[in-house]
Amino acid sequence: MKLITHNMLTSKCLKGVMTGYPLAINATDIKVTEVDFNPEFITRVIPKLDWEVLWAAANSIGHGEGLPKTLEPKYEENEDLLKKLHRVLLEVEVEEGNLTCPESGRQFPISKGIPNMLLTEAEVQ
Amino acid sequence: MWRRYLMWFAHEHLDFRHAEMQSIISLFNIPVKFIEQPSIRKPYWIVELPSEDYVKKIASRSVLVKNCIELWSTAKTESQLHANLKNSLKNSTGTWVTGENGQGDASDTHLCPKELIEACCSPKNSFKIEVETFCKHYTLKEKVQKIESFEYLPLEGPVKLNKPDITLAYLEFYGDDPNNVPEQPYDLFFGKWIVDGQRDLIQYHSLKKRHFIGNTSMDAQLSLLMANQAQVKTGDIVLDPFVGSGSLLVSAAHFGAYVWGSDIDFMMLHGRTRPSRVGQKMRAKEESVRGNMRQYKTESSYLDVLVSDFSLPLWKQGFKFDAIITDPPYGVREPTEKIGIERDNYKLSEQHLVNHIPAKVEYGLQQLYGDLLNFAATHLEVGRRLVCWYPLVREEYQEDQLPSHPCLSLVANSEQVLSKLTARRLLTYEKVRDDGTGQTLETNGGSHNFREKYFAMGEMTRRERKERKSEEMAAYALYKMAAKRDVT
């Protein structure tokens, strides 16, 4: 699971959970793969991100180095920032671990890089 | 100067041709003048475009266009075609000259400006002439004869059959009815080949060579068509909420989109379902949606796949995709399911929780399409598209019974016939506005219960077949008895 995915995910599927965001990451295996850098895409994605959540998530798995806590304007001209973001959003991946719902504490496992957001039949009744 | 082009189409998926072309034309905002009204019975369009770049843009996306020809001459008879071409060589007005009758259509006395032809005549340009016929076959010898008939063209360059500088094309159209081919062609065309469409991609993306496929993987041509319908372009964010083996993501990524997929089937996303390929005993280790993207060198566009139940919310509020492309299960070859259980007050004990596989209940098509349209209405950028298949029994098809939503407008609807009785339609919705109220709007998920009807229909034909067979047996027995009596 990449951090760009984490930034968009919620546990709203659970009954009684209002926002279910952000999910806490507990990673036991992290992998970094190289991905082609596309500054236009990163620039387009920035407005869709919750910056604080990204910053906290990156730091929680030890890849937040160099990422500013707040986003400065004119980020599209700052190539260093875009490169750093590219790495954090697309190259760092949680292979094994858990996502935890901030409201209920329910855990969703991540195995082989794929989060399993399924509930049990008991939870959807 | 506007130029006139002949766009020659592959003669398949006819119902998709107009939809695909419209999507591409509006994607690139291309001004098109129709010289002749397109007809589904003709495998070509005659159009005028402001420049060659535009025709190349269309061809860079279309999987139904075979090739595009810069039109020099068109006529209803062979002699007229040659007469036009000869007269065109004298046409120094710099524009197309309409014939004496001055009709605005593709009348067969139009003359192209001579500059078009002269631009190809330099001794430095090697060339070849290709002959193509629609609905008729010519031997090589006959084709050479046809080529010889253009000897009056002032082409000074050498003939080169392999990768010439200029390819000229001569096309004859004998109608679309192979059982009733006329002696002489209805329409003839001559011009300069400009560019091929994306037919080669169909082979390149063929499921036969794809690493990871499932039972209902979408065929390469239709996947590419869907990406075109969705107007996918570089840097777009695309979601397939019923991703399966990821065929639709493969083609979206081919056109430069970044892709997310989700599916309820854990085993599928982990590449652990039984192999779909004949003769394959086990799934290979690298079989996955990601593996497919790696195969086509678009792994950089892969975001993630998630195991999730589409009937429940997953994505954060306000997050919007540029396109949603999907092929939901129809309940026939893949089940329509969501997590659930029929029993009340069902509880799971702690010890069973580890590695528990949740039970599933029927997720009716009507509910599924209602959810899908609602999802698109909230999670799609305004002006962007949802493209999905919708299965139905052909004779019960009514356009006003298709799924609908007040924020989505149905912009294309093409039928692919699956059997004598069933079909599926590729529906393209464009999001026309945001639902500002935050209330759930009246959504119509369609009223078609495909699964039920499909199997009821199957039952009927099975019974009919049985009855017919027993009748035949009885008749045969009677005949035998009669024959015996005659002998004795």
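This is a guided tour of a predicted model, moving from chain B as a whole to its interface with chain A and then to single residues in both chains.

**Chain B as a whole**

Begin by selecting chain B alone and orienting it along its principal axes, where its C-alpha atoms fill a box of roughly 90 × 90 × 45 Å. Colouring by secondary structure will bring out 13 helices and 16 strands. If you then colour by accessibility, buried residues make up 51% of the 488 residues in this chain. A contact map of chain B is also worth a look, since among contacts with a separation of 6 or more, 73% are between residues 24 or more positions apart.

**The interface with chain A**

Next, display both chains and select the residues on either side that touch the partner: 43 residues of chain B are in contact with 38 residues of chain A. The area buried between the two chains is about 3300 Å², and carbon and sulfur atoms give 60% of that area. Across this interface there are four salt bridges, one of which can be inspected by selecting Arg290(B) and Glu93(A), whose closest N and O atoms are 2.7 Å apart. Counting pairs in which both residues are at pLDDT 80 or more, 21 residue pairs are in polar contact between chain B and chain A.

To see where the contributions of chain B come from, highlight β9 (258-263), α9 (266-269) and β10 (302-307) of chain B, each of which supplies at least two residues to the side that touches chain A. Of these elements, keep β10(B) selected for a moment, as the largest share of that side, six residues, comes from it. Colouring the side of chain B that touches chain A by residue class gives 23 nonpolar, eight polar and 12 charged residues.

**Helix α12 of chain B**

Now hide chain A and select residues 365-379 of chain B, which form helix α12. With 15 residues at 1.5 Å a residue, this helix should span 21 Å, and the distance of 20 Å between its end C-alpha atoms agrees with that expectation. Showing the side chains of α12(B), you will find that its buried residues are Leu365(B), Leu368(B), Tyr369(B), Gly370(B), Leu372(B), Leu373(B), Phe375(B), Ala376(B), Ala377(B) and His379(B). To see what covers these buried residues, add elements of chain B that include β8 (237-240), β11 (321-326), β14 (380-393), β15 (408-417), β16 (422-431) and α13 (450-487).

**Two buried residues, one in each chain**

Staying in chain B, move to Asn292(B), which is found in helix α10 (residues 289-295). Asn292(B) is buried, because its relative accessible area is 0%, under the 20% cut-off. Beyond its neighbours within four places in sequence, Asn292(B) is in contact with Arg210(B), His211(B), Phe212(B), Ser245(B) and Val250(B).

For a counterpart in chain A, select Thr100(A) in strand β2 (residues 92-100). Thr100(A) has a relative accessible area of 17% and is therefore also buried. Setting aside residues up to four places away in sequence, Thr100(A) touches Leu23(A), Ala24(A), Gly105(A), Arg106(A) and Gln107(A).

**Backbone details**

Most residues other than glycine have a negative phi, and most peptide bonds are trans. The next three selections depart from that pattern. Zoom first on Tyr21(A) and Pro22(A), which are joined by a cis peptide bond with omega of about -10 degrees; Pro22(A) is found in the loop between α1 (3-6) and β1 (24-32) of chain A. Then select Lys74(A), a residue with a positive phi of about 60 degrees although it is not a glycine, in the loop between α3 (51-60) and α4 (79-91) of chain A. Lys74(A) counts as exposed at 58% relative accessibility.

In chain B, Gln231(B) has a positive phi near 55 degrees and is found in the loop between α7 (220-229) and β8. Is Gln231(B) buried or exposed? At 9% relative accessibility, Gln231(B) counts as buried.

**A last stop in chain A**

Finish at Pro68(A), which is placed in the loop between α3 and α4 of chain A and counts as partly exposed at 29% relative accessibility. Leaving out neighbours within four places in sequence, Pro68(A) is in contact with Trp51(A), Trp55(A) and Leu81(A). Drawing a distance from Pro68(A) to Ile110(A), 42 residues apart along the chain, gives a C-alpha separation of 27 Å.

Conventions:
Residues numbered from 1 in each chain as written. Chains lettered and ligands numbered in written order. Predicted model: local features only at pLDDT ≥ 70, side-chain atom pairs only at ≥ 80, totals over all residues. Heavy atoms only, no water. Contact = heavy atoms within 4.5 Å. Buried area = accessible area lost by both parts, 1.4 Å probe. Salt bridge = Lys/Arg side-chain N within 4 Å of Asp/Glu carboxyl O. Polar contact = N/O pair within 3.5 Å; in protein donor to acceptor, adjacent residues only side chain to side chain. Helix = DSSP H or I, 4+ residues; strand = E, 2+ residues; numbered from the N terminus. Nonpolar A, V, L, I, M, F, W, Y, C, P; charged D, E, K, R; others polar. Expected span 1.5 Å × (residues − 1). Buried < 20%, exposed > 50% of the residue type's maximum accessible area, 1.4 Å probe, protein only.
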